[in-house]
Amino acid sequence: MTPGVVLGLDTSNYTTSAAVFDPESGVILQRKQLLPVKEGVLGLRQSDALFHHVRQLSDQVRGVMAETDRPVAAVCVSDRPRGVEGSYMPCFLAGKMAAECIGAALRVPVYYTSHQAGHVAAALYSAGKLELLDKPFLAFHVSGGTFEGLRITPDQQKVLSAEILAHTLDISPGQLIDRTGVRLGLPFPAGPHLERLAEGGHCGKVRKPVLKDGCCCLSGMENQVEKMQKEAVPPADIACYIQTYLAGVLTAMTDWCLERTGPLPVLYSGGVMSNRFLRERLAGPERYFAQPAFSADNACGVALLGGLLAQREVQP
């Protein structure tokens with residue numbers, strides 16, 4: 001690999017992200033900006049997300065490159081949500097176009113990965129557990145758009161390969177949190193606000209999660225939230241109830257996956273896993289979590305994966 005840094009780009013549904021990874025020092029620097037969402041609205045249309053990425057991406061790249069004096073030796077971009085055939089969202093086209101333009105202008109290689117792989121790599125990096133890339137482990141991707149339990153195995157060409165063991169059958173935890181938060185009058189994205197609200201709540205007995213072949217259904221909790229509101233349950237108690245239920249779902253799905261894989265380290269990644277309540281409920285031996293700055297959408301894992309691919313001299 002030519003000496004220099006790897007520039008990583010990630011244009012997910014709600015965050016414009018850029019990062020640089022220095023293979024010599026192991027240091028990652030990042031800049032990111034949330035996409036603007038109007039108050040009371042649940043998310044963005046893909047066309048609007050793509051537009052905002054085009055407006056914001058150059059500032060993030062300019063900002064992160066100002067923090068290093070080293071040249072760009074390679075570029076890596078997440079061009080799809082997940083590393084499976086047919087995985088596609090238009091918002092990732094903004095990052096892909098920028099990466100290919102930068103690569104062509106600088107005459108450096110451009111590598112491609114998935115948003116999900118970036119989340120897993122960022123979580124490993126921030127947890128200080130990059131050595132797990134050389135062995136199988138269990139990873140959960142818990143975010144606004146995805147909820148999957150994955151068996152991760154080493155892969156020379158992609159760094160890591162993911163096999164889905166369990167997933168949600170309807171909405172994701174992030175969607176449940178955001179929909180609950182908006183119902184309670186909280187800003188979107190609602191995760192941090194719901195977590196703070198729940199700190200003053202008491203939820204009593206919480207429904208026990210029921211899995212179907214290791215998979216969960218979360219949309220029923222929306223009806224539960226509506227019912228609790230009609231019964232004048234305090235918002236803090238509703239927030240506490242939802243968090244406690246999600247902790248139970250994650251615990252049940254983790255146990256189900258481990259029963260099938262045997263003992264493996266478990267990594268929790270994705271924006272929802274920045275929630276301190278969930279982390280405390282899931283903590284245990286060989287359970288690893290990304291630091292909050294590396295849990296939410298970011299380009300750090302993308303830059304890291306690009307650096308590893310460049311070091312292995314994998315053909316872009």
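Start your tour by selecting Arg281 and Phe277: Arg281 lies over the face of Phe277, 3.7 Å from the ring centre. Keep in mind as you go that this is a predicted model.

**Stop 1: aromatic pairs**

Now colour the aromatic rings. Across the whole structure, a search finds four aromatic pairs. Begin with Tyr14 and Phe188, an edge-to-face pair with 5.4 Å from centre to centre and 70° between the planes. What does this pair tie together? Tyr14 sits in the loop between strand S1 (5–11) and strand S2 (15–21), while Phe188 sits in the loop between helix H4 (173–183) and helix H5 (191–198), so the pair links parts that are 174 residues apart in sequence. Switch on a surface and check the two partners: Tyr14 is partly exposed at 24% relative accessibility, whereas Phe188 counts as buried at 15%.

Next, select Tyr125 and Phe294. Their rings form a tilted pair, 5.8 Å centre to centre with 50° between the planes. Tyr125 belongs to helix H3 (residues 115–127) and Phe294 to helix H9 (residues 292–295), so here the pair joins parts 169 residues apart in sequence. Tyr125 is partly exposed, with a relative accessible area of 22%, and Phe294 is buried at 13% relative accessibility.

To finish this stop, show Phe140, Tyr268 and Phe289 as sticks; together they make one aromatic cluster.

**Stop 2: the largest pocket**

Go back to Tyr14 and add Ser143, Gly144, Asp178 and Asp297. Of the 38 residues that line the largest pocket, these five lie nearest its centre. The space in this pocket comes to about 1,000 Å³.

Which elements should you highlight around it? Strand S3 (28–34), H4 and H5 each give at least two residues to the lining of the largest pocket. H4 has the largest share, with five residues. If you colour the lining by class, expect 15 nonpolar, 17 polar and six charged residues.

**Stop 3: helix H4 and what follows**

Stay with H4 and select its buried residues: Pro173, Gly174, Leu176, Ile177, Asp178, Thr180 and Gly181. Asp178 is thus a buried residue of H4 as well as one of the residues nearest the centre of the largest pocket. Now bring in the surroundings: the cover over the buried residues of H4 includes strand S6 (137–142), S7, H5, helix H6 (220–230) and helix H7 (235–261).

Follow the chain out of the helix. After H4 comes Gly185, whose phi is positive, near 85°. Then look at the peptide bond between Phe188 and Pro189, which is cis, with omega about -5°. Pro189 is in the loop between H4 and H5, and its neighbour Phe188 is the ring you met at the first stop, paired with Tyr14.

**Stop 4: two loops with positive phi**

Continue to Asp213, in the loop between H5 and H6. Asp213 is not a glycine, yet its phi is positive, at about 55°. Is Asp213 buried or exposed? It is exposed, at 60% relative accessibility.

Then move to Ala232, in the loop between H6 and H7. Ala232 is not a glycine either, and its phi is positive at about 60°. With 63% relative accessibility, Ala232 counts as exposed.

**Stop 5: the second largest pocket**

Select Arg80, Gly83, Thr113, Lys158 and Leu160, which lie nearest the centre of the second largest pocket among its 24 lining residues. About 340 Å³ of space lies here. Strand S5 (110–113), H3, strand S7 (147–155) and strand S8 (159–167) each contribute at least two lining residues, and S8 gives the most, with four. By class, this lining has 13 nonpolar, seven polar and four charged residues.

**Stop 6: Ala94 in helix H2**

For the last stop, centre on Ala94, in helix H2 (residues 92–106). Ala94 is buried, at 4% relative accessibility. Which residues does Ala94 touch, not counting residues up to four places away in sequence? Show Thr11, Leu50, His53, Val54 and Leu57 to see them. Finally, draw a distance from the C-alpha atom of Ala94 to that of Gly284: the two residues are 190 apart along the chain, and the distance between these atoms is 39 Å.

Notes: Residues are numbered from 1 along each chain as its sequence is written. This is a predicted model: local features need pLDDT of at least 70, side-chain atom pairs count only at pLDDT 80 or more; totals for chains, interfaces and linings use all residues. Side-chain values use heavy atoms; hydrogens and water are left out. Rings of Phe, Tyr and Trp (its six-membered ring) pair if their centres lie within 6.5 Å; planes under 30 degrees apart count as stacked, over 60 as edge-to-face and the rest as tilted. Buried means under 20% relative accessible area, exposed over 50%, partly exposed in between (1.4 Å probe, protein chains only). A charge sits over a ring if NZ of Lys or CZ of Arg is within 6 Å of the ring centre and within 35 degrees of the ring normal. On a 1 Å grid over the protein atoms alone, a cavity is a set of points where a 1.4 Å probe fits but cannot get out, and a pocket is an open set with protein on both sides within 12 Å along at least five of seven lines; lining residues have an atom within 4 Å of a point. Grid points are joined across faces, edges and corners, and a volume is the space filled by probe spheres set on the points. Ala, Val, Leu, Ile, Met, Phe, Trp, Tyr, Cys and Pro count as nonpolar, Asp, Glu, Lys and Arg as charged, and the others, Gly among them, as polar. Contact means heavy atoms within 4.5 Å.
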